[in-house]
Amino acid sequence: MYTGILPITQDENGLAVVMAHEIAHAVAKHGSERMSQGLVQQLGGQALGAALSTNSATTQQVALQAFGVGSQLGLLRYGRNQESEADRLGLIFMAMAGYNPDGAVGFWQRMAARDNGASPPEFLSTHPSNETRINDIQSLLPEARKYYKAR
Ligand SMILES: [Zn+2]
């Protein structure tokens, strides 16, 4: 799922939505049964630290790393509670990294509108989108905005 998600992310901020969401799953150890402890630490520290950088090459590396892990986690389907937690933490993480968390609404709306006829990338197949999620994200945004400082 390295490039399949890009039409839905559209830009760097949209990519940050996916990365922060996957990092949140990892930091919260949602996939701990299938992930090594080392991988969790790598994601929680290194990837998040690099995400704070504005260097585009670094951002690209982090993206590849997050996507690699995302495809591993793709073996799982997260529960609703885990999704809610990852949505909340993801919004905060991306805001801390200097990305506008408001972009998450558009991302999940594009997810909801995606063409179901195409074979979905891993992230899409494991992350059902719906109105409830979009509404939940909108109610979480005021908290996440407190962490957001435009770069
Ligand atoms: Zn998720």
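This briefing covers the helices, the zinc site, an internal cavity and a few backbone features of the structure above. The model is a predicted one. Its protein chain contains 8 helices and 0 strands, and the order along the sequence reads α-α-α-α-α-α-α-α. Of the 151 residues in the protein chain, 46% are buried. A zinc ion is bound through residues that include His21, His25, Glu83 and His127.

**Zinc site**

- The donor atoms are NE2 of His21, NE2 of His25, OE of Glu83 (listed twice) and NE2 of His127, at 2.0 to 2.4 Å from the zinc ion.
- Along the chain, these donors are spaced as H-x3-H-x57-E-x43-H.
- Helix 2 holds both His21 and His25, which stand 4 residues apart, about one turn of the helix.
- His21 and His25 are both buried.
- Glu83 belongs to helix 5; at 5% relative accessible area, which is under the 20% cut-off, Glu83 counts as buried.

**Polar contacts around Glu83, Asp87 and Arg133**

- The side chain of Glu83 is in polar contact with the side chain of His25, at 3.2 Å.
- Glu83 also has a side-chain polar contact with Arg133, at 2.3 Å.
- Arg133 is in polar contact with the side chain of Asp87 as well, at 2.9 Å.
- Asp87 is another residue of helix 5, and Asp87 is buried, with a relative accessible area of 5%.

**Helix 2 (12-27)**

- Helix 2 consists of 16 residues and spans 22 Å between its first and last C-alpha atoms, close to the 22 Å expected at 1.5 Å a residue.
- Because 14 of its 16 residues are buried, helix 2 is largely enclosed by the rest of the structure.
- At the start of helix 2, a side-chain oxygen of Asp11 comes to within 3.2 Å of the backbone nitrogen of Asn13.
- Lys29, with a positive phi near 60°, follows helix 2.

**Helix 5 (80-96)**

- Helix 5 consists of 17 residues and spans 24 Å from first C-alpha to last, close to the 24 Å expected at 1.5 Å a residue.
- The buried residues of helix 5 include Glu83 and Asp87, together with Ala86, Leu89, Gly90, Leu91, Ile92, Phe93, Met94 and Ala95.
- Gly98, just after helix 5, has a positive phi of about 90°.

**Second largest cavity**

- The whole structure has 2 cavities of 30 Å³ or more, and the second largest cavity holds about 50 Å³ of space.
- Its lining is made up of Val17, His21, Ala86, Asp87, Gly90, Leu91, Met94, Ala104, Trp108 and Ile137.
- Helix 2 (12-27), helix 5 (80-96) and helix 6 (103-112) are the elements that each give two or more residues to this lining.
- Helix 5 supplies the largest share of the lining, 5 residues.
- Sorted by class, the lining residues of the second largest cavity are 7 nonpolar, 2 polar and 1 charged.
- Two residues described above recur here: His21 is a zinc donor and a lining residue, while Asp87 is a lining residue and a contact partner of Arg133.

**Backbone and loop features**

- Most residues other than glycine have a negative phi.
- Gln10, although not a glycine, has a positive phi of about 70°.
- Gln10 sits in the loop between helix 1 (6-9) and helix 2, and at 57% relative accessibility Gln10 counts as exposed.
- Lys29 is not a glycine either, and has a positive phi of about 60°.
- Lys29 is placed in the loop between helix 2 and helix 3 (37-51); at 39% relative accessibility, Lys29 counts as partly exposed.

**Gln109 and Ser129**

- Gln109 is a residue of helix 6, and its relative accessibility of 42% makes Gln109 partly exposed.
- Gln109 and Ser129 are 20 residues apart along the chain, and their C-alpha atoms are separated by 7.9 Å.

How values were computed
Residues are numbered from 1 along each chain as its sequence is written. This is a predicted model: local features need pLDDT of at least 70, side-chain atom pairs count only at pLDDT 80 or more; totals for chains, interfaces and linings use all residues. Side-chain values use heavy atoms; hydrogens and water are left out. On a 1 Å grid over the protein atoms alone, a cavity is a set of points where a 1.4 Å probe fits but cannot get out, and a pocket is an open set with protein on both sides within 12 Å along at least five of seven lines; lining residues have an atom within 4 Å of a point. Grid points are joined across faces, edges and corners, and a volume is the space filled by probe spheres set on the points. Ala, Val, Leu, Ile, Met, Phe, Trp, Tyr, Cys and Pro count as nonpolar, Asp, Glu, Lys and Arg as charged, and the others, Gly among them, as polar. The expected span of a helix is 1.5 Å times one less than its number of residues. Buried means under 20% relative accessible area, exposed over 50%, partly exposed in between (1.4 Å probe, protein chains only). A polar contact is a pair of N or O atoms within 3.5 Å; within protein, one must be able to donate a hydrogen and the other to accept it, and residues adjacent in sequence count only if both atoms are side-chain atoms. Donors are N, O and S atoms within 2.8 Å of the metal (3.2 Å for Na, K and Ca); water is not among the atoms, so sites may look incomplete.
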